[in-house]
Amino acid sequence: MANNGILRTDVSTFLDPSTYPEIIQGAIQQSTVLNNARRLPNMTTTQEKMNLLDTLPTAGFLKAETDHKPLTTVSWSNKTMYAEELACIVPISENVLADASIDIFGQVRPLIQQEFGRAIDAAILFGTGKPTNWRADIVSSAKTASKVVTQASSSPDIYKDIMGTNGLIAKVESSGTLPNLALGAVPMRAQLRELVDADKRPLFKTDMQGSTRYALDGIPMIFPMNGAFNATKALIIMGDFSKLVYSIRQDLTFKILTEATIVDPSTKTVIYNLAQQDMVALRCVMRLGWEILDPITAYTQDENQKFPFAVYAPYAPAGE
């Protein structure tokens, strides 16, 4: 019944007056992407255009005093960021609210925040549930830009795959930027722990004094735990997260509905009539947009090469 609201059976433990009042639950995980991306001022409309440098000026030496000075130009292009809506509704019986020994909505709110973070990360990184107007996700864009390193076998040379001249870090560097963060799938930690030097000393170490506990070639590494990271599509996503920007059109808001009719989103059939069934519902809404700002630089002017992210993909046997 997880998709049909909170029923008495779902909170039966809180209806027993002898129940210990504290709720034991895991740590709330927020959006890893938004926590590390660059936030722009809030959007004032549902669409906002951003100007990016598209053409750099060129200069040349004159071969003679009578030569004409070369002409050049500078141009800009724009990218459009679209604010899209993320939402959910949690119906609950008024009697259940009254009889429960805890503040149910107070417990639900941080879980909704966690789910919003998961949905945002999944859409931005892997395209899962992505709104139509949003740009292509990080993994798909990396494939288009030929910035994917795929494990060649079930026993890969991970050090070469990441650190090599055509490895993951080099793929980001070829875009004219330096990576400042790596996101890793949790199963990747075990593979990294096996990396050792010639003296059998581990290469992947914890750093209790750094900005994050783990690092690859000095690049901080985070292992998201909100359920968004798809290890079947990527083991590591590395890049310059300062070029990933987002803007909020409407921050996460909560509203208690008391008179609404709740319908199934798929079938459009009525599930609850709140007023008639003595129910309320917590409506949660957020609107935001994101983009990657990757202007032309002096290092690379190839439109197809300047994508500032790269992906380390898992080994896939032939036929899969």
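## The four-stranded sheet

Strand 10 (244-257) and strand 13 (279-292) are paired antiparallel through 11 bridges; two strands count as paired if DSSP finds at least two bridges between them. Helices (H or I, at least four residues) and strands (E, at least two) are DSSP runs numbered from the N terminus. The model is predicted: local features need pLDDT of at least 70 and side-chain atom pairs count only at pLDDT 80 or more, while totals for chains, interfaces and linings use all residues. Residues are numbered from 1 along each chain as its sequence is written, and side-chain values use heavy atoms, with hydrogens and water left out.

Between strand 10 and strand 13, leucine 244 has isoleucine 292 as its bridge partner, and leucine 257 has alanine 281. Both strands belong to an open sheet of four strands with mixed pairing, in the order 1-10-13-4. Strand 1 (38-39) and strand 4 are the edges; each has a single partner strand, so one side of each lacks a neighbour in the sheet. Strand 1 runs parallel to strand 10, with two bridges, and arginine 39 is opposite tyrosine 246. At the other edge, strand 4 (84-93) is antiparallel to strand 13 and joined to strand 13 by 10 bridges, with valine 90 opposite leucine 282. Strand 13 is largely enclosed by the rest of the structure, because 12 of its 14 residues are buried; buried means under 20% relative accessible area, exposed over 50%, and partly exposed in between (1.4 Å probe, protein chains only).

## The six-stranded sheet

A second open sheet has six strands in the order 5-14-9-6-8-7, again with mixed pairing. Its edges are strand 5 (148-150) and strand 7 (214-216), each with a single partner strand, so one side of each is without a neighbour in the sheet. On average, neighbouring strands of this sheet are turned by 25° against each other, direction ignored. Axes are lines fitted to C-alpha atoms, for helices over the stretch in contact, and angles run from 0 to 180 degrees between N-to-C directions.

Strand 5 runs parallel to strand 14 (residues 309-313), and three bridges join the two. Valine 149 is opposite tyrosine 312 there. Helix 7 (residues 186-193) lies across strands 6, 7, 8, 9 and 14, at about 70° to strand 7.

## Nonpolar cores

The largest nonpolar core has 44 residues, and those touching the most other members are Ile124, Ile138, Ile237 and Leu244. Such a core is a set of buried Ala, Val, Leu, Ile, Met, Phe, Trp, Tyr and Cys residues joined through side-chain atoms within 4.5 Å. Among the elements that each supply at least two residues are helix 1 (32-36), helix 4 (138-144), strand 10 and strand 13. Helix 3 gives the most, with 10 residues.

Beyond its neighbours within four places in sequence, isoleucine 138 contacts Ile124, Leu125, Ile237, Leu244, Trp290, Ile292, Phe307 and Phe309; contact means heavy atoms within 4.5 Å. Apart from the largest core lies another, of 21 residues, including Phe204, Tyr214, Leu216 and Met238.

## A pocket

The second largest pocket has a volume of about 280 Å³. Its lining has 14 residues, of which Gln30, Ser31, Leu34, Asp251 and Met286 lie nearest its centre. Helix 1, helix 3 and strand 10 are the elements that give two or more residues to this lining. A pocket is an open set of points, on a 1 Å grid over the protein atoms alone, where a 1.4 Å probe fits, with protein on both sides within 12 Å along at least five of seven lines; lining residues have an atom within 4 Å of a point. Grid points are joined across faces, edges and corners, and the volume is the space filled by probe spheres set on them.

## Two loop residues with positive phi

Most residues other than glycine have a negative phi. Aspartate 217, in the loop between strand 7 and strand 8, has a positive phi near 55° and is exposed, with a relative accessible area of 57%. Aspartate 278 has a positive phi of about 50°. Aspartate 278 sits in the loop between strand 12 (270-273) and strand 13 and is partly exposed, at 43% relative accessible area.

## Overall content

The protein has seven helices and 14 strands. Of its 320 residues, 40% are buried. Among contacts with a separation of 6 or more, 76% are between residues 24 or more positions apart.
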